[in-house]
Amino acid sequence: MGPVILVVDDDDDLRDTMSLVVEGAGYKAVQMSRAADVIAYASVSPAPAAILLDLMMPGMTGAELRERLRAIPATAGTPIVVVTAFRDKRHLPTDVAGVLFKPFSADDLIAEVERVVRLVN
């Protein structure tokens with residue numbers, strides 16, 4: 001398996017599908033559905049190559065989680081790709097590596113992951 005991609009989404013089916021797609025492209029997917037788990041993982045694990053982050057999650061939003069990840073040394077510079085159904089760009093964070101608008105194709109997902117992983121290598 002290749003570099004780790006952290007897949008964060010509260011929708012089990014979408015998270016599983018995104019993970020299968022990135023693993024099919026040679027990456028290792030680590031799945032998480034809760035912000036607290038992501039923070040705990042980021043605090044003790046090596047930085048993933050990229051993070052796919054849903055914006056609409058219960059408890060802590062994806063935008064809030066993104067801010068917390070930026071404060072953790074291991075993930076401060078990790079490229080984050082926001083995954084969202086929001087179409088209004090005024091509600092999107094500006095300091096992310098990319099945005100995938102739901103619904104998206106497997107090809108779009110892989111292209112975006114490969115693009116942001118190349119940014120840090």
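Student: What do the buried residues of H3 pack against?

Tutor: A word on the model before the answer: it is predicted, so to read it, note that local features need pLDDT of at least 70 and side-chain atom pairs count only at pLDDT 80 or more, while totals for chains, interfaces and linings use all residues. Residues are numbered from 1 along each chain as its sequence is written, and side-chain values use heavy atoms, leaving out hydrogens and water. Helices (H or I, at least four residues) and strands (E, at least two) are DSSP runs numbered from the N terminus, buried means under 20% relative accessible area, exposed over 50% and partly exposed in between (1.4 Å probe, protein chains only), and contact means heavy atoms within 4.5 Å. On those terms, the buried residues of H3 pack against S1, H2, S3 and S4.

Student: How many degrees around the axis do the buried residues of H3 cover?

Tutor: An α-helix has 3.6 residues a turn, so residues three or four places apart point the same way. In H3, the buried residues are Gly62, Leu65, Arg66 and Leu69. They lie on the same side of H3 because the arc they cover (taken from the directions from the helix axis to the C-beta atoms) is only 105 degrees.

Student: Is glutamate 64 buried, exposed or partly exposed?

Tutor: Glutamate 64 lies in helix H3 too. Its C-alpha is 9.1 Å from that of alanine 35, a residue 29 places away along the chain. With a relative accessible area of 40%, glutamate 64 is partly exposed.

Student: What covers the buried residues of H2?

Tutor: Ala35, Val38, Ile39, Tyr41 and Ala42 are the buried residues of H2. They sit on the same side of H2, because their arc around the axis is only 165 degrees. Their cover includes S1, strand S2 (28-32) and H3.

Student: How many Å apart in space are serine 43 and proline 73?

Tutor: Serine 43 belongs to helix H2, residues 35-44. Its relative accessible area of 48% makes serine 43 partly exposed. Proline 73 is 30 residues from serine 43 in sequence, yet in space the C-alpha to C-alpha separation is 8.1 Å.

Student: Which residues does alanine 74 touch, not counting residues up to four places away in sequence?

Tutor: You will find alanine 74 in the loop between helix H3 (62-70) and S4. Alanine 74 is partly exposed at a relative accessible area of 31%. Outside that four-place window, alanine 74 touches Ala42, Ser45 and Ala47.

Student: At what angle do H1 and H4 pack?

Tutor: Axes here are lines fitted to C-alpha atoms, for helices over the stretch in contact, and angles run from 0 to 180 degrees between N-to-C directions. The axes of H1 (residues 12-24) and H4 (residues 106-120) are 10 Å apart, and the two helices pack at an angle of about 60 degrees.

Student: How many nonpolar, polar and charged residues make up the contact of H1 with H4?

Tutor: Met18, Val21 and Val22 in H1 meet Ala106, Leu109, Ile110 and Val113 in H4. Ala, Val, Leu, Ile, Met, Phe, Trp, Tyr, Cys and Pro count as nonpolar, Asp, Glu, Lys and Arg as charged, and the others, Gly among them, as polar. The residues of this contact divide into seven nonpolar, no polar and no charged.

Student: Which exposed residues does the face of H4 turned away from its buried side carry?

Tutor: Start with the buried residues of H4, which are Leu109, Ile110, Glu112, Val113, Val116 and Val117. Their arc is only 165 degrees around the axis, so they are on the same side of H4. Among what covers them are S1, H1, S3, S4 and S5. The face turned away from that side carries Asp107, Arg118 and Leu119.

Student: Which residues is glutamate 112 in contact with, leaving aside its neighbours within four places in sequence?

Tutor: Glutamate 112 is part of helix H4. At 13% relative accessibility, glutamate 112 counts as buried. Beyond its sequence neighbours, glutamate 112 is in contact with Val81, Ala97, Gly98, Val99 and Leu100.

Student: How many Å separate the C-alpha atoms of valine 99 and threonine 84?

Tutor: Valine 99 has its place in strand S5 and counts as partly exposed at 27% relative accessibility. Thr84 is among the contacts of valine 99, along with Val81, Val82, Leu92 and Glu112. Valine 99 and threonine 84 are 15 residues apart along the chain, and their C-alpha atoms are separated by 7.5 Å.
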